[in-house]
Amino acid sequence: MPVRYPRPLRPGDRIGVTSPSSGVPEELRERLAVAVRDVEARGYEVVTGRCMDGSGHVSAPAAERAAELTAMLTDPDIRAVVPPWGGETAIDLLPLIDWRAVRAAEPTWVVGYSDMSTVMTPLTLLTGVATVHGNNLMDTPYRVPGGLVTWFDIVAAPPGHRFTQTPPERHRASGWDDWAEHPGSRTFTLDIPGRWTRLDGSGDVDVEGRLIGGCVEMLCNLTGTPYLDTSAFARAHAPEGLLVYVEAAGDDALAICRYLHGMRLAGFFDAANAVLVGRTAAPDTPSLTQYEAVLDALGPLNVPIVADVECGHVPPYLPLVNGARCRVVHTATRSEVTQTLD
């Protein structure tokens with residue numbers, strides 16, 4: 001059964017903005033306006049939903065957020081949904097989304113990361129529709145470093161499009177830009193060098209499979225539920241196996257170790273040909289580093305494990321398409337991810 005890709009966006013298409021998790025506080029509304037203007041400058045029309053309030057940890061009651069997201073995903077005039085960012089508790093939407101209606105509708109691109117994994121990964125697993133794990137709306141104004149693409153490039157690509165990304169080998173050491181003071185920030189601070197790291201041993205990696213994954217702290221809560229059945233997805237869409245990616249947002253190494261053990265025991269990695277691990281600024285502990293946490297939990301898989309990939313909470317962002325056919329190459333002199341939208 002083929003993965004379904006939404007129709008490529010064209011100038012004049014509508015893009016929906018809603019907050020399935022956290023909304024945008026008043027002091028960051030100007031940053032949101034800058035990001036929206038950047039989308040409009042590409043020729044798209046932006047439709048902003050009602051669920052955007054940033055005064056609490058969620059933008060609206062769960063039923064309202066689920067209804068608005070479902071409406072956008074089933075509206076034939078909205079071609080992509082791009083939330084401002086993630087949050088904490090999008091998990092409360094899952095039983096309230098009309099999955100049957102979403103599955104029956106013409107596919108719509110959904111873009112984001114962090115808590116958006118809670119929605120996007122199940123969306124791909126349950127409906128077979130590709131989603132984009134990558135820079136969200138509030139990050140959109142940043143100029144993309146050489147070698148990487150943006151979500152704009154992906155959602156406008158034709159069927160069968162093949163693209164290769166190479167890491168810039170520089171990233172941000174710590175901190176975030178103050179968007180309240182500088183809402184127009186457009187230049188990433190990439191102030192420290194760093195390459196990908198093979199954790200499970202030495203030697204070159206050259207592996208293929210279909211991509212699926214997301215944020216560890218969010219997906220671990222879905223293990224054992226119908227929303228995270230990667231084995232069923234592999235049987236239906238990826239007999240060649242999966243390339244599974246995970247990234248830690250901020251929990252310490254002991255917590256990440258527990259989460260990954262639970263995900264492995266629940267079968268999340270059963271069809272993995274390799275595991276990609278996002279670069280993280282999450283803390284180590286005195287007895288366990290983040291690298292060691294990953295190896296402790298995922299070493300028994302006996303597949304290549306490549307860490308420090310730009311697919312997490314440390315800028316810059318290397319977008320990965322859930323459901324895309326993918327090849328990953330990592331050697332002493334070359335690192336690249338090639339994705340094909342078929």
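**Exercise 1.** In this predicted model, find the bridge partner of Val17 in strand 2, then work out how strands 1 and 2 run.

*Solution.* Start at Val17: its bridge partner in strand 2 is Thr48. Now zoom out to the strands. Strand 1 covers residues 14–17, and four bridges join it to strand 2. The two strands run parallel.

**Exercise 2.** Put the strands of the open sheet in order, and say which strands stand at its edges.

*Solution.* Step one: trace the six strands across the sheet, and you get 2-1-3-4-5-14, with mixed pairing. Step two: look at the ends. Strand 2 (45–48) and strand 14 (320–322) each have a single partner strand, so one side of each has no neighbour in the sheet. Step three: check the twist. Ignoring direction, neighbouring strands are turned by 25° against each other on average.

**Exercise 3.** Which strands does helix 4 touch as it packs on the sheet?

*Solution.* Find helix 4 at residues 117–127. It touches strand 4 (109–112), strand 5 (131–133) and strand 14. Its direction makes about 140° with that of strand 5.

**Exercise 4.** Describe how helix 8 and helix 9 pack, using their angle and the distance between their axes.

*Solution.* Helix 8 spans residues 253–265 and helix 9 spans 290–298. Their angle is about 20°, and the axes lie 8 Å apart. Angles under 35 degrees count as roughly parallel, and the two helices are therefore roughly parallel to each other. The crossing is right-handed. Next, who's touching? Helix 8 contributes residues including Ile256, Leu260 and Arg264, while helix 9 brings Val294, Asp296 and Leu298, among others. Sort the whole contact by class and you get eight nonpolar, two polar and two charged residues.

Methods:
Residues numbered from 1 in each chain as written. Predicted model: local features only at pLDDT ≥ 70, side-chain atom pairs only at ≥ 80, totals over all residues. Heavy atoms only, no water. Axes fitted to C-alpha atoms, helices over the stretch in contact; angles between N-to-C directions. Parallel < 35°, antiparallel > 145°, perpendicular 65-115°, else oblique. Left-handed = near helix turned anticlockwise from the far one by under 90°. Contact = heavy atoms within 4.5 Å. Nonpolar A, V, L, I, M, F, W, Y, C, P; charged D, E, K, R; others polar. Pairing = 2+ DSSP bridges.
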